[in-house]
Amino acid sequence: MKRHAPATARNRQPILDVLRPRLPAQGLVLEIASGSGEHIVYFAAALPNLAFQPSDPNAEARASIDNWVQSESLGNVRGALALDAALDVWPIGQADAVLCCNMIHIAPWEAAVGLISGAARLLAEGGILYLYGPYRRDGRHTAPSNEAFDRDLRQRNPAWGVRDLETVAKIAAAQGFTSPEIIDMPANNLSLLFKRT
């Protein structure tokens with residue numbers, strides 16, 4: 001059963017526009033929390049020289065991802081892995097880039113910390129960690145809609161919430177990443193690009 005995430009149709013092209021000039025010409029791109037699978041099939045179709053590895057801790061999401069890949073007849077996407085970003089051991093040992101869209105605000109903080117440390121283990125020098133989603137900057141929300149979204153998330157689960165960009169960047173720096181390149185995106189989201197040093 002293929003899942004559909006309505007926001008994907010709106011944000012996939014702006015995300016691809018950011019990724020296209022920054023991803024390596026070839027190599028393996030790991031996506032964390034691939035969700036429905038719609039992002040990865042879009043990126044893989046547009047970037048046929050790269051291999052893509054989707055992952056998600058949820059079995060139904062992995063089934064959706066694999067169904068999307070099959071329906072699009074994409075030879076450069078591997079079968080979805082069961083991967084929980086918060087765990088210390090991942091079922092993959094190397095990647096040239098790690099992508100994660102819209103996860104760290106809808107997951108416990110431990111997942112964000114685990115994502116960054118896991119990416120640091122996998123990436124060689126110059127490897128890219130790409131994060132997409134809403135962030136607070138200088139302790140403040142960037143838009144009233146993000147503040148309302150944050151309130152809704154925390155009501156649903158106190159462990160969730162829009163994260164502080166500076167805190168994410170500090171944790172990344174401690175794991176050997178550069179300060180992020182920050183790109184404003186539609187709907188008050190940000191692209192954060194960290195390079196492994």
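This section describes the central sheet, the helices packed on it and selected residues of a predicted model.

The core element considered here is an open sheet of 6 strands, arranged in the order 2-1-3-4-8-7 with mixed pairing. Its edges are formed by strand 2 (50-53) and strand 7 (181-185), each of which pairs on one side only. From one strand to the next, the twist averages 20°. Strands of a sheet pair through backbone hydrogen bonds, in either the parallel or the antiparallel sense. Both senses are represented in the pairs described below.

At one edge, strand 1 (residues 27-32) and strand 2 run parallel and are joined by 4 bridges. Within this part of the sheet, Leu28 stands opposite Ala51 of strand 2. Towards the other edge, strand 4 pairs with strand 8 in the antiparallel sense over 6 bridges, and Leu131 has Leu192 of strand 8 as its bridge partner. Strand 8 also pairs with strand 7, again in the antiparallel sense, over 5 bridges; here Ile183 stands opposite Ser191 of strand 8. Strand 8 is mostly covered, with 6 of its 7 residues buried.

Strand 7 and strand 8 form a hairpin with 3 residues between the strands, in which Ala187 takes a positive phi near 60°. Asn188 is likewise placed in the loop between strand 7 and strand 8. Asn188 has a positive phi of about 60° although it is not a glycine, and its relative accessibility of 35% makes it partly exposed. Another asparagine with a positive phi, of about 55°, is Asn102, which belongs to the loop between strand 3 and helix 4. The relative accessible area of Asn102 is 28%, and this residue is therefore classed as partly exposed.

Two helices lie across strands of the sheet. Helix 1 (residues 6-19) lies across strand 3 (95-101), strand 4 (123-133), strand 7 and strand 8 (189-195), and runs at about 155° to strand 4. Helix 4 (residues 109-122) lies across strand 1, strand 3 and strand 4, with an angle of about 150° to strand 4.

Helix 3 was examined in further detail. This helix spans residues 59-71, and its 13 residues reach 18 Å from the first C-alpha to the last, close to the 18 Å expected at 1.5 Å a residue. Buried positions in helix 3 are Ala61, Arg62, Ser64, Ile65, Trp68 and Val69. These residues lie on the same side of helix 3 because they cover an arc of only 160° around the axis. An α-helix has 3.6 residues a turn, so residues three or four places apart point the same way. Glu60 and Gln70, by contrast, are exposed on the other side of helix 3. The cover over the buried residues of helix 3 includes helix 2 (38-46).

The ends of helix 3 were also characterised. At the N-terminal end, Asn58 acts as a cap, with a side-chain oxygen 2.9 Å from the backbone nitrogen of Glu60. Following the helix is Ser73, whose phi is positive, near 50°.

Among the buried residues of helix 3, Ala61 has a relative accessibility of 1%. Not counting residues up to four places away in sequence, Ala61 touches Arg3, Gly35 and Asp56. Ala61 and Met1 are separated by 60 residues in sequence, while their C-alpha atoms are 9.2 Å apart in space.

A further buried position is Asp150, which is found in helix 5 (residues 144-156). With a relative accessibility of 7%, Asp150 falls under the 20% limit and therefore counts as buried. Its side chain takes part in two short-range polar interactions. One is a polar contact of 3.3 Å between the side chains of Asp150 and His141. In the other, the side chain of Asp150 reaches the backbone nitrogen of Val162 at 2.8 Å. When neighbours within four places in sequence are left aside, the residues in contact with Asp150 are His141, Gly161 and Val162.

Terms used:
Residues numbered from 1 in each chain as written. Predicted model: local features only at pLDDT ≥ 70, side-chain atom pairs only at ≥ 80, totals over all residues. Heavy atoms only, no water. Expected span 1.5 Å × (residues − 1). Buried < 20%, exposed > 50% of the residue type's maximum accessible area, 1.4 Å probe, protein only. Arc of directions from axis to C-beta. Contact = heavy atoms within 4.5 Å. Polar contact = N/O pair within 3.5 Å; in protein donor to acceptor, adjacent residues only side chain to side chain. Pairing = 2+ DSSP bridges. Axes fitted to C-alpha atoms, helices over the stretch in contact; angles between N-to-C directions.
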